Amino acid sequence: MADNQPDRGQRGLPGGKPRYSAFAVAKNSMSYHQDWQRAWRDAEPKSEYDAVIIGGGGHGLATAYYLAAVHGMTNIAVIEKGWLGGGNTGRNTTIIRSNYLWDESAAIYEHSMKLWEGLSQDLNFNVMFSQRGVLTIAHSEHELREMSRRVHAIRLNGIDSEILGPAEIKKFVPTINIDQSIRYPVMGGFLQRRGGTARHDAVAWGYARAADDLGVDIIQKCEVTGLRRQGRKIVGVETSRGFIKTKKVGCVVAGHSSVVAAMAGIRLPIASRPLQALVSEPIKPILDTVIMSNAVHMYISQSDKGEMVLGAGVDKYNSYAQRGSFPVPEHMLAAAVELFPVLSRLRMLRHWGGIVDTCPDASPIISKTDIEGLYFDCGWGTGGFKATPGSGHVFADLIANDRPNKIAAPYTLDRFRSGLLIDEHGAAGVAH
Amino acid sequence: MMLIDCPFCGPRDETEFSCGGEAHIARPLAENKISEAEFADYLFMRDNPKGLFLERWRHSAGCRRWFNMARDTVSHEIVEIYPMGALPKTAAAKSAYSASWRRDTAAEHAAKPARTTVKNAGKARGAK
């Protein structure tokens, strides 16, 4: 699997946009940076497209980009009810890794990882992909054993992964507290060195700019109000800016998947839940990797600006409110402060919630539906950001060819009828 | 943050409760008479409305008893709390009940006899 490189399609900016480079920055400084070209057009919706992607987040924009770059479908549109990347794309903790237990998961997340490695060059946009490593900590003997099983499975799939003991962890992350007397002691951990972070907004903007360059219309402030069909076939999308005729509709709307599915009378096994994150005031560099804890459901990293970025768990009830309940981050912060005593007097600057689409088996749905021309890419739950390029790549392939490729095939909606689930919940612990 | 009025203990903080997800999912009795897809409606498919949602809650760190709750998933406003086995009484919650696609599923139709039994059992308890 490690040798299969994804088809990246047309790279760079074949449509003729001026390239971003150090030279371009110097040149534009002469004109006080007043003459930069718009990154993408503010397109008016046309009356008809070959395909319409609902949802202008990372996954939707990536889908549109790969439809154009790999499959040559350029008469397409991305419609977004708010602004680009204003949903979960701009609300996550930007962690990227591909260390999943099951073969199906390893295939898609590693596919994504390969696309991340080289994405800035593909898009001519610095997505600030930083392979600083992702270290997942075990807090109990059992968790450590489960972890080593996982590490071996991951390595069998050709993905880098290694087990670290408490002393090695202390060496790798000097600020961590490995005292065994704390509530969540560090018993060990496993590290994916190729894992890391990227700048989430840049991912949305980079895909949008590159897709726009290939002729894709990106239409913001355009809400889908209905899906028009003729019998079992999609014929178009009703939007707040009028009807758009199309034969293919790809829904990539994360937390609102059930709402859009209901417009077409489709049932999904999805529950929409708030997932929270917070950011501290900026401090000097203290953490040059990503630390995760499945037992606490905590993730922590430090942004290039110096802010500590902390992710908490999901609320246990359905919500579309884009804010979470207080006890969830409180629990996470209590554990974080014990693990990193240096954080104890840090003030938090911002706190927000995103609505994630959780699936019963914690694996996504990339699928055709009973309605011809209607496709869903959803159910990414709490771990969608890392999959952005891979998800868009295989979903574009599904839309273009009307059949899932080898990587997407296990993620059919039909698995909830056949019982062929990809149970990453049990396998990956809570955080994922 | 929600203040939930437990029908047995009174108003308590949301941290004392656990949510059991969508309410009124009846297990199909004649499960071998319905198809896999129809059984999936019962087992995996979930109503996930943006707006009023009927769900089950348990006062897990209190009396540990179950009850039903009609709650708005956008504003988190609690519209009605009603007992297990019963149907909601407020107009809004009633229409949320009938608006759910689940009411038309083969799985729920296959469960209808069970529903009647539960209703009767409730009446019998009420008579005591």
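**Cysteines, helix packing and overall make-up of the predicted model**

Cys378(A) is buried, with a relative accessibility of 0%. In this predicted model, Cys359(A) is likewise assigned to the buried class, at a relative accessible area of 6%. The cysteine sulfur nearest to that of Cys378(A) belongs to Cys359(A) and lies 6.4 Å away, and Cys378(A) takes part in no disulfide. Seen from Cys359(A), the closest cysteine sulfur is that of Cys378(A), and no bond is assigned because 6.4 Å is too far for one. A disulfide is a covalent link between two cysteine sulfur atoms, and the cut-off applied to the sulfur pair here is 2.5 Å. Over all chains, the search of the whole structure returned zero disulfides.

Helix packing in chain A was examined for helix 2 (residues 58-69) and helix 7 (residues 200-213). Their axes are 9 Å apart and the angle between them is about 30°. Angles under 35 degrees count as roughly parallel, and helix 2 and helix 7 of chain A are therefore described as roughly parallel to each other. The crossing of helix 2 past helix 7 in chain A is left-handed. On the helix 2 side of chain A, the residues that meet helix 7 are Gly58(A), Leu61(A), Ala62(A), Tyr65(A) and Tyr66(A). Their counterparts in helix 7 of chain A are Ala204(A), Tyr207(A), Ala208(A), Ala210(A) and Ala211(A). In an α-helix, residues three or four places apart point the same way, because there are 3.6 residues a turn.

Helix 9 of chain A covers residues 327-339, 13 residues in number. From its first C-alpha to its last, helix 9 of chain A reaches 19 Å, close to the 18 Å expected at 1.5 Å a residue. The buried positions in this helix are Pro327(A), Pro329(A), Met332(A), Ala335(A), Ala336(A) and Leu339(A). These buried residues of helix 9 pack against four strands of chain A, namely strand 14 (271-282), strand 16 (298-302), strand 17 (307-314) and strand 18 (348-358).

Chain B contains four helices and six strands. Along the sequence of chain B, these elements follow the order β-β-β-α-β-β-β-α-α-α. Chain B has 128 residues, of which 40% count as buried. When contacts in chain B are restricted to residues at least 6 apart in sequence, 53% of them join residues at least 24 apart.

Technical notes
Residues are numbered from 1 along each chain as its sequence is written. Chains are lettered from A and ligands numbered from 1 in the order in which they are written. This is a predicted model: local features need pLDDT of at least 70, side-chain atom pairs count only at pLDDT 80 or more; totals for chains, interfaces and linings use all residues. Side-chain values use heavy atoms; hydrogens and water are left out. Helices (H or I, at least four residues) and strands (E, at least two) are DSSP runs, numbered from the N terminus. The expected span of a helix is 1.5 Å times one less than its number of residues. Buried means under 20% relative accessible area, exposed over 50%, partly exposed in between (1.4 Å probe, protein chains only). Contact means heavy atoms within 4.5 Å. Axes are lines fitted to C-alpha atoms, for helices over the stretch in contact, and angles run from 0 to 180 degrees between N-to-C directions. Angles under 35 degrees count as roughly parallel, over 145 as roughly antiparallel, 65 to 115 as roughly perpendicular and the rest as oblique. A crossing is left-handed if the near helix is turned anticlockwise from the far one by less than a right angle, and right-handed if clockwise.
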